[in-house]
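Let's take a walk through this one, from the packed interior out to the open spaces and then to a couple of individual side chains. Keep the viewer open as you read.

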Amino acid sequence: MVSVAKYQSEFPPFAVTVDLVVLAVRPEADGGRDGRLRLEAVLIERGDEPFAGQLALPGGFVQVDEDVEAAAYRELEEEAGLGAADVRLEQLGAYGTPGRDPRMRTVSVAWLAFGRVDRAPRGGSDALSAQWIPVDQVPGDLAFDHAKILHDAVAQARARVQDVRVAASFLPQRFTVSQLRRVYEAVWGTELDQPNFQRRVLALTGDGSGVGLPLGRVEDPDFVDPVTQRRSKHVLQLPTDSGQLEESVCRVDYRGGGQW
């Protein structure tokens, strides 16, 4: 029989939590035929103390026998009604300032989740409701330190979409240059020079095979932009092997003023 040693520590125990920043680009209510998009985040209304009734990011405690990433996906489903088929997660960072949670000492592993989400979130568990809110309209008094986490997540998303494959993850399988530009404008919060953007993006396209390039250009005479209802001769898609490319060949760098 193998004996199991019992250990005691001089350090007090503390809890580990997960917090989720779910981002999507969604049509502006008054975007009209221009199809303007805006960057929005999922926020919940807390049903329990502390901060009952306040807006917060989805999240919760990691169970003692649970993997941290598994906990993130579980809380995403429980509090927002979203899952791995809707978004992909990447770790944002750890937040452990003493006093961030008035209940006890906690360290949160925050996750950035973004993707093409075209349905409303659904509140559950201890979340009274869940909703999309434009990131530039989020109130500053979010529960816990969630305002800082959201700020950091938006900054990371703005850096990550410089990889055109990440920007394309907000869109359907096939999309136009204009649709892609609207994603960048929504995430970066600025209007881009259309001719310059088109030249930069088309330089990243291939003939459909997309060998060595992050975007493939295909002929699709029946393609219609679902927002503007306009046809386009430039229809793009991600080649199946685009994930194997180095990030350096997939970059759409933003240097301010809509220039590259």
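Which residues of the largest nonpolar core touch the most other members? Before the answer, a quick reminder that this is a predicted model. The residues to look for are Leu180 and Tyr184, and the core they belong to has 47 residues. Quite a list of elements gives two or more residues to this core: the strands β1, β2, β5 (88–95) and β6 (106–114), plus the helices α2, α3 (164–168), α4 and α5 (194–202). The biggest giver is α4, with 7 residues.

Now click on Tyr184 and see what surrounds it. Setting aside residues up to four places away in sequence, Tyr184 touches Val161, Gln162, Asp163, Val164 and Ala167 on the lower-numbered side. From higher numbers come Gly189, Leu192, Phe197 and Val252. Apart from the core that holds Tyr184 there is another one, made of 24 residues, with Ile44, Val62, Ala80 and Ala127 among them.

On to the empty space. Rolling a probe the size of a water molecule over the atoms is how you find where space is left. The largest pocket holds about 720 Å³. Its lining has 35 residues, and the ones closest to the centre are Glu28, Leu37, Arg182, Glu185 and Ala186. Three elements, β2 (37–46), α2 (146–160) and α4 (177–188), each supply at least two residues of that lining. If you're thinking about the chemistry of the walls, the lining of the largest pocket splits into 14 charged, 12 nonpolar and 9 polar residues.

The second largest pocket has about 280 Å³ of space. Here 14 residues form the lining, and Val25, Pro27, Leu37, Phe170 and Val227 are the closest to the centre. Two elements, β1 (15–27) and α4, give two or more residues to this lining, and the largest share, 3 residues, comes from β1. By class, the second largest pocket is lined by 9 nonpolar, 4 charged and 1 polar residue. Leu37 is worth a second look: this residue is listed among those closest to the centre of the largest pocket and also among those closest to the centre of the second largest pocket.

Next, a charged side chain on the inside. Is Glu40, in strand β2, buried or exposed? Glu40 counts as buried because its relative accessibility is 4%. What does its side chain pair with? One polar contact goes to the side chain of Arg26, at 2.9 Å, and another goes to the side chain of Arg38, at 2.7 Å. Beyond its neighbours within four places in sequence, Glu40 is in contact with Val22, Leu23, Ala24 and Arg26, as well as with the run Trp132, Ile133, Pro134 and Val135.

Finally, swing round to Arg105, which sits in the loop between β5 and β6. Arg105 has 41% relative accessibility, so this residue counts as partly exposed. Its side chain reaches the backbone oxygen of Gly96 at 2.6 Å. Leaving out neighbours within four places in sequence, the contacts of Arg105 are Phe14, Ala15, Gly96, Thr97 and Pro98. One last distance to check in your viewer: the C-alpha atoms of Arg105 and Val18 are 14 Å apart, with the two residues separated by 87 residues along the chain.

How values were computed. Residues numbered from 1 in each chain as written. Predicted model: local features only at pLDDT ≥ 70, side-chain atom pairs only at ≥ 80, totals over all residues. Heavy atoms only, no water. 1 Å grid on protein atoms, 1.4 Å probe; cavity = no way out; pocket = protein on both sides within 12 Å on 5 of 7 lines; lining within 4 Å. Points joined across faces, edges and corners; volume = space filled by probe spheres on them. Helix = DSSP H or I, 4+ residues; strand = E, 2+ residues; numbered from the N terminus. Nonpolar A, V, L, I, M, F, W, Y, C, P; charged D, E, K, R; others polar. Core = buried A, V, L, I, M, F, W, Y, C linked by side-chain atoms within 4.5 Å. Buried < 20%, exposed > 50% of the residue type's maximum accessible area, 1.4 Å probe, protein only. Contact = heavy atoms within 4.5 Å. Polar contact = N/O pair within 3.5 Å; in protein donor to acceptor, adjacent residues only side chain to side chain.
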